[in-house]
Amino acid sequence: MNDAQPVNPRDPNFISQCNAPLRAELEADYDALTLQLQRRGLKIAPIMHAVAAFQVAVPSWGVGTGGTRFARFPGPGEPRNVFDKLEDCAVIHALSGATPTVSLHLPWDQAEPQELRERARELGLGFDAVNSNTFQDQRGQALSYKFGSLTHTDPAVREQAVAHNIHCIHIGEALGSKALTLWIGDGANFPGQQHLAHAFERYLESATKIYAALPADWRLLIEHKMYEPAFYATVIQDWGSSLMAAQSLGTRALCLVDLGHHAPHVNIEMIVARLIRAGKLGGFHFNDSKYGDDDLDAGSIDPYRLFLIFNELVDAQWRRVSALQPAHMLDQSHNVTDPIESLINSAIELQRAYAQALLVDRAQLADCQQRNDVLMAALALKRAFTTDVTPILARARLERGAAIDPIGAYRASAYRNQCAKLRPASASSRSGIV
Ligand code: RM4
Ligand code: MN
Ligand code: MN
């Protein structure tokens, strides 16, 4: 199968052919883990089923090759439009079994909503949150966002930005989305450039208009980011600003945590715990980073941090915190890997962190915390984190009709080569999304 004929990687027969030689080994590994967990008083089946039910949305902009401010090195067979993107997303889902929805970015993904919905249905996909874009100017746009959008000093620019967001809601409604993600680049590059208090007030005024246009069953996800493109002060720069905005807008306004949007060394899991406490955790943009908003593959730099975030989520489930349903989305930029492989692997890394968090002995941990047995408390987490849950993940995929070895199956299908033929490279080489 290595010397592959072009085949459709979404074909269930192809996937089961790929799985056939791997089944026996998986079964042996799964049985061994079953016994290991049994000795710890844990049942493997509910954990495996929880992992199988885990879902994360794929960002449409993630299936193209990204880039930096300096360069973009296009890969072969990149998607040329939103329909190609949907097809790539369907491949990711067929092989991983974990990504049934796509998060669109408008106007990057502008197309006839009926056509989008129809194509997604054929591919077995749905739509997650829609993302608006007022951080760039579009061709033919009347007013510029150079000095801001929702917080611009000119009310006419603010109106234009509000109208775009309302347009996104309408498109999202036609697609079956249930949330609008609001991230703006507004801010200042120089002290004195912007009145810090007034800019925030203008944000609230504009966001209130968007919130008012939200259908009753929709949520507004407010995404903060510390810097970039504004390098001195960003209007919604941290979870404090985002929480203040969410609290003043209303119950359906919630905070979205993009893992790359904090200062280095910030304790993100604690932010997650605080937002859960406030009833305002709306969702995540998963990725990993070393220095800034690097948008690297989830779990590739600091898998322990990812585990600690899932630990807070599972702990909240365990405490039966009501109405906690955070949206899961990936938000990554793939500069040097095949985006499909990165996204498959990232979805798996999220499931890994989730499975590990499900292994934590919470009663024991609570007891250690109560008695201030610091070392045993720390080890309770480490023990879960260092357990190799790979057989649970593979078995969960099998359960969903996906691939035991998704990257192996993807490569065997030669899908990328097929795309390279069908999707000739375009002359334009934009700088990538950051
Ligand atoms: C931003 C932010 C947003 C994403 C854009 C492309 O840094 O993460 O979520 O929509 O990038
Ligand atoms: Mn993001
Ligand atoms: Mn980002």
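**Close-up 1. Two manganese ions sit 3.9 Å apart.** This is a predicted model, and the view is centred on the gap between the manganese ion (ligand 2) and the manganese ion (ligand 3), which comes out at 3.9 Å. On the ligand 2 side, the chain reaches across a stretch of sequence: Asp258 belongs to strand β9 (residues 253-258) and His285 to strand β10 (residues 281-286), 27 residues apart.

**Close-up 2. Four residues hand donor atoms to the manganese ion (ligand 2).** Look for Glu223 (OE), Asp258 (OD), His285 (ND1) and Asp331 (OD), with distances to the ion of 2.1 to 2.2 Å. Read along the chain, the donor residues follow the spacing E-x34-D-x26-H-x45-D. Two of these donors, Asp258 and His285, are both buried.

**Close-up 3. The geometry at the manganese ion (ligand 2) is octahedral.** Why does this site get that label? There are 6 donor atoms, and the angles they subtend run from 72 to 169 degrees, so the arrangement counts as octahedral. For six donors, the rule asks for opposite ones over 155 degrees apart and all others between 65 and 115. If you want a reference for your own angle check, ideal octahedral values are 90 or 180 degrees.

**Close-up 4. His261 and Asp293 are the protein donors of the manganese ion (ligand 3).** His261 uses NE2 and Asp293 uses OD, at 2.2 to 2.3 Å from the ion. Here the pair comes from loops: His261 lies in the one between β9 and α9 (268-277), Asp293 in the one between β10 and α10 (303-318), and they are 32 residues apart. Are these two donors buried or exposed? His261 has a relative accessible area of 5%, so it is buried. Asp293 comes in at 13% relative accessibility and therefore also counts as buried, the cut-off being under 20%.

**Close-up 5. Ligand 1 is surrounded by 13 residues.** The closest ones are His105, Glu223, Lys225, His261 and Asp331. By type, the shell splits into 5 nonpolar, 3 polar and 5 charged residues.

**Close-up 6. Oxygen atoms of ligand 1 meet polar side-chain atoms.** A polar side-chain atom of His105 is 2.7 Å from a ligand 1 oxygen. For His261, a side-chain N or O atom lies 3.1 Å from an oxygen atom of ligand 1, and for Asp293 the corresponding distance is 3.2 Å. How much of the ligand's accessible area does the protein cover? Taken on its own, ligand 1 has 290 Å² of accessible area, and 98% of that is covered by the protein.

Notes
Residues are numbered from 1 along each chain as its sequence is written. Chains are lettered from A and ligands numbered from 1 in the order in which they are written. This is a predicted model: local features need pLDDT of at least 70, side-chain atom pairs count only at pLDDT 80 or more; totals for chains, interfaces and linings use all residues. Side-chain values use heavy atoms; hydrogens and water are left out. Donors are N, O and S atoms within 2.8 Å of the metal (3.2 Å for Na, K and Ca); water is not among the atoms, so sites may look incomplete. Four donors count as tetrahedral if all angles lie between 85 and 135 degrees; four count as square planar and six as octahedral if opposite donors are over 155 degrees apart and all others between 65 and 115; anything else is irregular. Helices (H or I, at least four residues) and strands (E, at least two) are DSSP runs, numbered from the N terminus. Buried means under 20% relative accessible area, exposed over 50%, partly exposed in between (1.4 Å probe, protein chains only). A residue is near a molecule or strand if one of its heavy atoms lies within 4 Å of it. A polar contact is a pair of N or O atoms within 3.5 Å; within protein, one must be able to donate a hydrogen and the other to accept it, and residues adjacent in sequence count only if both atoms are side-chain atoms. Accessible areas come from the Shrake-Rupley method with a 1.4 Å probe; for residues, only the protein chains shown count as cover. Ala, Val, Leu, Ile, Met, Phe, Trp, Tyr, Cys and Pro count as nonpolar, Asp, Glu, Lys and Arg as charged, and the others, Gly among them, as polar.
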